[in-house]
Amino acid sequence: MRKNISLEEAQELLMEHCPSLQTGYVGLQDSLGRVLAEDIVAKENIPPFARSPYDGYALRAEDTVKASPDSPVGLEIIEEVPAGYAPKKIVLPGTAVKILTGAPVPEGADAVIKFEETEVKDKKVLIFSKLKAGQNVVPAGEDVAQGDKIACLGAVISPPLVGLMASLGITEVPVYERPRIAIISTGDELLDVYEPLQPGKIRNSNSYTLAAYCRELEAQPFILATTRDKKEEVGLRLIEALEKADMVITTGGVSVGDYDVLDEAMEYIGAETLYWKIDIKPGSPNLAAVKGGKVILSLSGNPAAALVVFHLLGVPYIKKMAGRVDYLHPKIEVTLKNDFSKASPRRRFLRGKLRLEKGIAFMEVTGGQGNGVLHSMIGCNILAEIPAGSGPLQAGSKLSAFLLD
Ligand code: AMP
Ligand code: MG
């Protein structure tokens, strides 16, 4: 087992143990936010036929070569085509078809003139200017051409993609299964949310925060019973979790104290520990283990420390397991809005919120940065990195940051 490794090494070790989940089909209306398990290739043109973008007259541009305000060309109106109907007649020289927005341009016609630019006299439409071939005609396939790839495997399905799939008549969408994530909080001090406080006890918040983040990721979290600081109890709970889930996340018991039993519990159940502790603050005490090809990510009990590491390691891992190709957080440069008075002998991640002001990406620190301060995770969408060995930072300092979503 490796100890005190870098964040990047920990991420690499985790990703080496990232399974591919099953694929299946969901109905179009249930597909939003799911991850595509196949490329989506257009089997048809959108729109399927050349159409008129205006109410007007479809005609042959050639027939208007001599048209001018003083000497309009008169074309015989042979038909009227509203949207939703197919033209029955062919536009021959000297004729035109009255056409409404969205209706197919009839065979023979290659241009459309707007209604308001014409006059009608004796069943003829008068044209006062010359049109070019293709003018005011929306070609078939303007939006998507047959054979175009409109979305790639591993993409998250967005509202416009749902719409394009509807245009193509795709009712069943190929997607990856959503990762099932078991969540276990460990600690003798923990009460559940419905229990009254007792001396020395606190309510378990970690299970609920983690489950909520997993839900935001479109994963399927489930919370197992809180477990005491006994390696046998933790071990049994882990076995129970591994049977039902694709991945297990635990909190608490990963430091070096007498009651920190997670490493022993891994041994007890025969899980292989990949690493223990990473060289960052907050959240250094954490470990990852693997059993039967499934990863157990064990985070600190301190809520903020647990969540920072969950964002740095757990979220990319869950996204990759879900089939996403964009599983890493984007990196941006931010300018600190506030002073940060502490020195950072170790590599530190600061929780903050992105604020765009006059085109500059500022980071506003969201509150106290203590390991147990959960409220500064509210609104936190940035984890900015302070390199090891840095002194206090002044507002205006530039930092590299992960953008969370
Ligand atoms: P540990 O990582 O077990 O040493 O716990 C560190 C701190 O986090 C202690 O103050 C715990 O009481 C607190 N803590 C542990 N588990 C939870 C939890 N599930 N929810 C909220 N706080 C917790
Ligand atoms: Mg503990």
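**Exercise 1.** State which distance separates the centres of domain 2 and domain 3, and locate both domains in the chain.

*Solution.* Step 1: the centres of domain 2 and domain 3, taken over C-alpha atoms, are 39 Å apart. Step 2: domain 2 comprises 24-46 + 150-176 and domain 3 comprises 56-127. The chain also holds domain 1 (2-22 + 177-321) and domain 4 (331-403); the bounds come from an automatic or database domain assignment.

The model is predicted, so that local features need pLDDT of at least 70 and side-chain atom pairs pLDDT 80 or more, while totals for chains, interfaces and linings use all residues. Residues are numbered from 1 along each chain as its sequence is written, chains are lettered from A and ligands numbered from 1 in the order in which they are written, and side-chain values use heavy atoms, with hydrogens and water left out.

**Exercise 2.** Characterise the surroundings of ligand 1.

*Solution.* Step 1: 15 residues surround ligand 1 (a heavy atom within 4 Å). Glu189, Asn204, Ser205, Gly253 and Gly301 come nearest. Step 2: this shell consists of 3 nonpolar, 10 polar and 2 charged residues, where Ala, Val, Leu, Ile, Met, Phe, Trp, Tyr, Cys and Pro count as nonpolar, Asp, Glu, Lys and Arg as charged, and the others, Gly among them, as polar.

Step 3: consider pairs of N or O atoms within 3.5 Å. A polar side-chain atom of Glu189 is 2.7 Å from an oxygen atom of ligand 1. From Gly301, a backbone N or O atom lies 2.7 Å from an oxygen atom of the ligand; for a backbone N or O atom of Gly253, the corresponding distance is 2.9 Å. Step 4: of the 490 Å² of accessible area that ligand 1 has on its own, the protein covers 78% (Shrake-Rupley method, 1.4 Å probe).

**Exercise 3.** Identify where the cis peptide bond at Pro47 and the cis peptide bond at Pro282 lie.

*Solution.* Step 1: Ile46 and Pro47 are joined by a cis bond with omega about -5°. Pro47 belongs to the loop between strand E3 (40-41) and strand E4 (56-59); strands are DSSP runs of at least two residues, numbered from the N terminus. Step 2: the bond from Lys281 to Pro282 is cis, with omega near -5°. Pro282 lies in the loop between strand E17 (272-278) and strand E18 (287-291).

Key: A polar contact is a pair of N or O atoms within 3.5 Å; within protein, one must be able to donate a hydrogen and the other to accept it, and residues adjacent in sequence count only if both atoms are side-chain atoms. Helices (H or I, at least four residues) and strands (E, at least two) are DSSP runs, numbered from the N terminus.
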